[in-house]
Amino acid sequence: MYRLRLLRLTALSLFIVSLTVVAITRTRAQNPPAAQTSTEKTADQVHKNIQVLKGLPESQLIPVMEFVNASLGVRCNYCHVNNNGAWDFASDEKGEKKAAREMMTMTMGINKNSFRGNTEVSCYTCHRGRTSVAHTVPMPLPTPEPPPAPAPSPAGSPQPNPTADQVIEKYYQAIGGVAAIDKMKARVMKGTLVSNNGNEIGYELDQSGPDSVLAILTTPQGVVERAFDGTAGWEKSARGVRDLGGEEVGYLRRYPALYTDLKLKEQFSRLNFAGRQKIDGRDVYALRGTTTAGKRESLFFDAETGLLVKRTSSTTTPIGNIPEQVEFSDYKDVEGLKLPFTIKVTTIDPMYSVVRKFTEIKLNVPIDAKRFNKPAA
């Protein structure tokens, strides 16, 4: 596990400056990012002493560990051994690790026996960010609030709810139309990337077609390049050149892939209207569905402008559904398309929770295909 984390954070530790000391010990149909395949190795095939999570896709191991951390309000050293900066993740020295295994086994058993295998119960169900759980109702009981007065009926007949297709079509028209989306074959985006703790670095993203992507991070420690050429991912930094793991490729391609947040309809095998809500005081339409990759997602569109303002998803694992959220704002016209210049990503792992703020976006800029090829070591 230590090797996985070290690889995973080689580049991230360079640009998230204040996390460098911690991170150096550690290693989100829609152009599916690093989709799970039958050839992916399991956690127990890659790491030592995996007992409860046998069969878990290896790319889900770190997200599952981060989910446990968030559910209990702890960090890795709560269960794992760290000797003067050297992690021994396989060690069973700490009793907390044994307890964690027992709790995982209990959670998986409840979901299997009481919820027909559906992941309804997780670590967070009982812990809610604490290592202890509430054993009884606190006293005194809270005074019940009176029910709100019914809202006055608006004049005239209520507006009927739109269908999911109507919401998507309005979105397509709001950003410029299907023809304008199809016309885009490449994109160059420049700006800054802001980490979860406020550190900011230079950021450039080159995209060609649905698959090829190159991210260039300009950090105080040097330039880091990460790319996916349609087949495999690589990274080049002051440390040299290395291949990216499945989780790293998924993150690189996911936010934002060229068409991920533009061509929405074909990404879902099922998509339904899920009601009206408010976000930042504005009325939004919510859609809920399942992607062609089997992932549950919700989309939120500004009811007036039709623009996509938020997208949430969850990854189902044996011990819980791991949430993820992307927010879109600051839409501007770019050569016939209206695109968000600010994209905020919030994940269960704070290392991957970032804000991309673009100052320049250009479409259909000629990009040499060789830029995405893995350079010589």
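Thr107 sits in helix H6, and this residue makes a handy way into the predicted model. With a relative accessible area of 4%, Thr107 counts as buried. Leaving aside residues up to four places away in sequence, Thr107 touches Val121, Ser122 and Ile319.

Helix H6 itself runs over residues 95–114, and its geometry checks out: at 1.5 Å a residue its 20 residues should span 28 Å, and the C-alpha atoms at its ends are indeed 28 Å apart. Thr107 has company on the inside, since the buried residues of H6 are Lys97, Arg101, Met104, Thr107 and Asn111. Looking down the helix axis, these buried residues fall within an arc of 130°, so they line one face of H6. The spacing fits a general rule: an α-helix has 3.6 residues a turn, so residues three or four places apart point the same way. What do the buried residues of H6 pack against? Their partner is helix H5, residues 61–72. On the face turned away from the buried side, H6 carries the exposed residues Lys98, Asn113 and Ser114. Just past the end of H6, Arg116 takes a positive phi of about 55°.

Helix H5 has a residue of its own to look at. Met65 lies in H5 and is buried, with a relative accessible area of 12%. Met65 and Ile348 are 283 residues apart along the chain, yet their C-alpha atoms are separated by 9.7 Å.

Stepping back to the whole chain, the model has 10 helices and 15 strands. Of the 377 residues in the protein chain, 45% are buried. The chain exposes about 19,600 Å², and carbon and sulfur atoms supply 54% of that area.

Where does the nonpolar interior gather? The largest nonpolar core has 49 residues, and those with the most contacts inside it are Tyr171, Leu287, Phe301 and Ile361. Helix H8, residues 164–175, gives the largest share of this core, with six residues. Leu287 shows what such a position looks like from close up. Not counting residues up to four places away in sequence, Leu287 touches Ala164, Val167, Ile168, Leu271, Asn272, Phe273, Ala274, Glu297, Ser298, Leu299 and Phe301. There is also a second, separate core of 15 residues, which includes Leu56, Val64, Met65 and Val74. Met65 of helix H5 thus turns up again, here as one of the residues of the second core.

The cysteines are quickly dealt with on the bonding side: the structure holds zero disulfides. For Cys76, the closest cysteine sulfur is that of Cys79, at 9.3 Å, which is too far for a bond. The same verdict goes for Cys126, whose sulfur is 9.2 Å from its closest cysteine sulfur, in Cys123, again too far for a bond. As for their surroundings, Cys76 is buried, with a relative accessible area of 8%, whereas Cys126 is partly exposed at 47%.

A few backbone oddities remain, and they lie in loops. Met139 and Pro140 are joined by a cis peptide bond, with omega at about -5°. Pro140 is found in the loop between helix H7 (123–127) and H8.

Two asparagines have positive phi values. Asn49 has a phi near 60°, a positive value in a residue other than glycine. The loop between helix H4 (43–46) and H5 is where Asn49 is placed, and this residue is partly exposed, with a relative accessible area of 29%. Asn84 is not a glycine either, but has a positive phi of about 55°. Asn84 is found between strand S1 (81–83) and strand S2 (86–88), in the loop that separates them. Is Asn84 buried or exposed? With a relative accessible area of 85%, Asn84 is exposed.

Notes. Residues are numbered from 1 along each chain as its sequence is written. This is a predicted model: local features need pLDDT of at least 70, side-chain atom pairs count only at pLDDT 80 or more; totals for chains, interfaces and linings use all residues. Side-chain values use heavy atoms; hydrogens and water are left out. Helices (H or I, at least four residues) and strands (E, at least two) are DSSP runs, numbered from the N terminus. The expected span of a helix is 1.5 Å times one less than its number of residues. Buried means under 20% relative accessible area, exposed over 50%, partly exposed in between (1.4 Å probe, protein chains only). The arc is that of the directions from the helix axis to the C-beta atoms. Contact means heavy atoms within 4.5 Å. A disulfide is a pair of cysteine sulfur atoms within 2.5 Å. A nonpolar core is a set of buried Ala, Val, Leu, Ile, Met, Phe, Trp, Tyr and Cys residues joined through side-chain atoms within 4.5 Å. Accessible areas come from the Shrake-Rupley method with a 1.4 Å probe; for residues, only the protein chains shown count as cover.
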